[in-house]
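This report describes selected features of the structure shown below, for a reader who has not met it before. It treats a surface patch and then a sheet.

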Amino acid sequence: MQKVILSQKKLITLLSGILIVVGYFSRFALGNVAVLEWALIIASVIGIAPIAVQAYQALKVKVVSIDVLVTIAVIGAFLIQNFEESAIVTFLFLFGHYLEQRTLNQTRSAIKELTEMAPEIALVQTDSGEFEEVDIDEVDEGDILLVKTGAKVPVDGTVLSGDGYINEASITGESVPVTKSKDSGVYAGTILENGTIQIRADRVGEETTFGKIIELVEEAQDSKSEAERFIDKFSKYYTPAVLLLSFVVWLISQDIELAITILVLGCPGALVIGVPVSNVAGIGNGARHGVLLKGSEVIHDFSRVDTIVFDKTGTLTVGNPSVAKKAVYGEESDEALNYLASVEKESDHPLAKAILEETKAAQIYPVEETEVVKGGGIVAQVGGHRVAVGNVALMDKEGIELSEKAKEDVQEAETSGNSLVLTAVDGELRVLMGIRDQVRPGVKDDLDQLKDLGVKNLVVLSGDNQGTVDVVASELGLTEAHGHMLPEDKSAHIEKLQKEGQIVAFVGDGVNDSPSLALADIGIAMGSGTDVAIETSDVVLMNSDFSRLPHALGLVKTTANNMIQNIAIAVGVVFVLLASVFFSDWMNMSIGMLVHEGSILVVIFNGMRLLKYRLRGSRKHEEVKHVKTA
């Protein structure tokens with residue numbers, strides 16, 4: 001019976017409203033007081049039913065909820081035959097709850113839009129070589145799928161044949177289509193706007209990047225912040241306190257209507273809903289703009305950050321370095337380059353790609369006994385020779401002496417902002433390469449916006465040489481720059497900043513420097529939708545887009561302020577209502593309930609403003625504006 005009553009709340013609200021309108025029409029248009037009275041009685045009875053059910057369910061778990069207060073108040077009004085108050089209060093409470101749910105659903109529109117983007121069908125290749133339409137749940141890893149123009153990519157996969165343009169807005173937030181061809185990676189939930197491709201399914205269902213994003217946003221929106229947990233505890237004590245106040249007022253005044261009015265006006269509805277709606281709307285806005293915030297607690301901590309520490313390569317820089325300086329020493333330099341290319345072929349470090357591009361004509365030999373020296377480089381056996389590839393520290397560790405010419409080259413390369421890769425063969429330095437990474441376009445403007453948002457310290461920590469780091473720091477106007485930093489050195493520096501009382505965010509790639517991401521008050525991953533980036537940090541900037549960082553910080557600060565505004569509105573309204581009961585003669589139960597429900601809607605609409613938040617003067621916004629003007 002309880003389920004039936006609760007499932008018909010909308011219908012009950014509608015009937016209650018119709019009965020009230022019919023009753024007052026009979027009274028003022030037809031002069032029939034009896035119809036008014038019976039209409040109000042029926043409206044009170046059916047209106048209190050779902051409220052009383054919810055009150056009963058709350059009391060079963062030992063919670064004195066708002067529904068309990070309203071139920072007691074309405075029953076009291078009914079018993080003293082104030083049917084007008086009982087009918088109007090129940091209708092306003094039910095109608096307010098309806099509007100509340102409707103507007104709350106709108107704040108969850110970001111996750112709803114994401115869910116609707118999820119693919120439902122796929123064209124899977126059968127044993128006969130034909131493609132057959134199947135439900136997405138029937139697709140397995142390794143299946144060959146066909147994606148046609150206008151269709152959603154059903155899985156995370158690799159393009160086997162064909163080419164086309166894919167809209168990856170659901171993953172990266174970017175609406176500009178991306179070209180895909182053989183061996184390109186594709187994401188589930190993205191749309192093939194032009195072309196036809198065949199793909200191999202690498203990850204399916206909830207394991208896809210899209211599935212993980214939906215799961216992350218859902219968890220974030222359902223999580224509770226410290227403020228929400230405080231308000232939940234506060235409500236447990238506040239609601240019984242209102243009951244006690246009402247009882248004391250009745251004992252002193254013997255005015256049952258006054259006591260009942262206090263019950264209605266003291267309901268903390270806006271206080272309970274104000275903070276969650278701000279969190280949900282803030283997280284929804286972030287999801288729409290390629291910023292994944294892992295929960296409402298992250299919003300609170302991130303909004304207070306005053307120091308941001310950056311990894312250099314792939315964060316402040318593009319992460320696609322190239323060789324800017326090359327020097328060879330001694331004889332057999334070509335053979336040394338072959339050894340260098342062979343060793344770097346085994347590495348996935350960003351600098352290795354630049355070296356392989358420079359030495360693409362080199363002969364590749366088998367590499368044996370590879371040893372990775374933490375923070376130094378690689379030592380390996382190649383063709384019977386001991387080959388050491390890495391920085392100056394590795395050369396020192398290997399006991400390799402640098403000639404005066406080599407020292408001059410090292411100094412010059414570092415001063416010019418190059419990262420150094422030295423190659424020694426059998427204890428002799430043979431090759432020096434200076435590799436330079438370009439600063440991300442527009443990153444200085446983004447850093448200036450972070451300063452405008454209240455970030456006092458911008459710090460770069462890098463494993464590169466100090467000269468390289470200093471050049472980047474000088475170009476970008478950073479507060480501090482530290483080079484030759486091992487992962488443990490970065491963690492130690494973050495701990496040092498925290499001990500000084502600074503609230504620290506660390507921005508990295510989500511793969512390297514994971515200790516720093518975990519140790520910082522807020523870990524921010526520059527991730528192109530990768531598993532590691534999504535799972536190891538507090539905030540993910542999709543598509544490794546640095547320009548999303550100022551939007552993210554502005555959003556969390558605005559969201560935190562929005563929560564405070566909602567709390568102030570809720571507490572202020574209750575205070576004014578209760579004060580009006582004692583110090584005015586115009587306040588009654590119906591007016592109080594109307595104002596009370598109005599305050600709930602005010603905090604909801606205030607929270608919903610966050611859905612349209614955009615950082616003023618953001619680079620992306622200005623670019624879009626410029627394009628439209630042109």
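Helix α9 gives the most residues to the nonpolar patch, contributing 6. The model under discussion is predicted. On its surface, the nonpolar patch covers about 950 Å². Its members are Ile75, Leu79, Ile80, Leu244, Phe247, Val248, Trp250, Leu251, Ile252 and Ile256. The elements that supply two or more residues to this patch are α4 (66-79) and α9 (226-253).

One member of the patch is Trp250, a residue that lies in helix α9. Is Trp250 buried, partly exposed or exposed? Trp250 has a relative accessibility of 30% and therefore counts as partly exposed, since the partly exposed class lies between the limits of 20% and 50%.

The model also contains an open sheet of 6 strands, arranged in the order β10-β15-β14-β13-β12-β11 with antiparallel pairing. Strands β10 and β11 stand at the edges; each has a single partner strand, so one side of each is left without a neighbour in the sheet. Neighbouring strands of the sheet are turned by 15 degrees against each other on average, direction ignored.

The residue ranges of four strands in the sheet are listed here.

| Strand | Residues |
|---|---|
| β10 | 322-328 |
| β11 | 367-373 |
| β12 | 377-382 |
| β13 | 385-390 |

Within the sheet, how many bridges join β12 to β13? These two antiparallel strands are joined by 6 bridges. Val382 stands opposite His385, which belongs to β13. In general, the strands of a sheet pair through backbone hydrogen bonds, in either a parallel or an antiparallel manner.

Conventions. Residues numbered from 1 in each chain as written. Predicted model: local features only at pLDDT ≥ 70, side-chain atom pairs only at ≥ 80, totals over all residues. Heavy atoms only, no water. Patch = residues over 30% accessible without salt bridge, like charges linked within 9 Å, V, L, I, M, F, W, Y side chains within 5 Å. Areas by Shrake-Rupley, 256 points an atom, 1.4 Å probe, with all protein chains shown as cover. Salt bridge = Lys/Arg side-chain N within 4 Å of Asp/Glu carboxyl O. Helix = DSSP H or I, 4+ residues; strand = E, 2+ residues; numbered from the N terminus. Buried < 20%, exposed > 50% of the residue type's maximum accessible area, 1.4 Å probe, protein only. Pairing = 2+ DSSP bridges. Axes fitted to C-alpha atoms, helices over the stretch in contact; angles between N-to-C directions.
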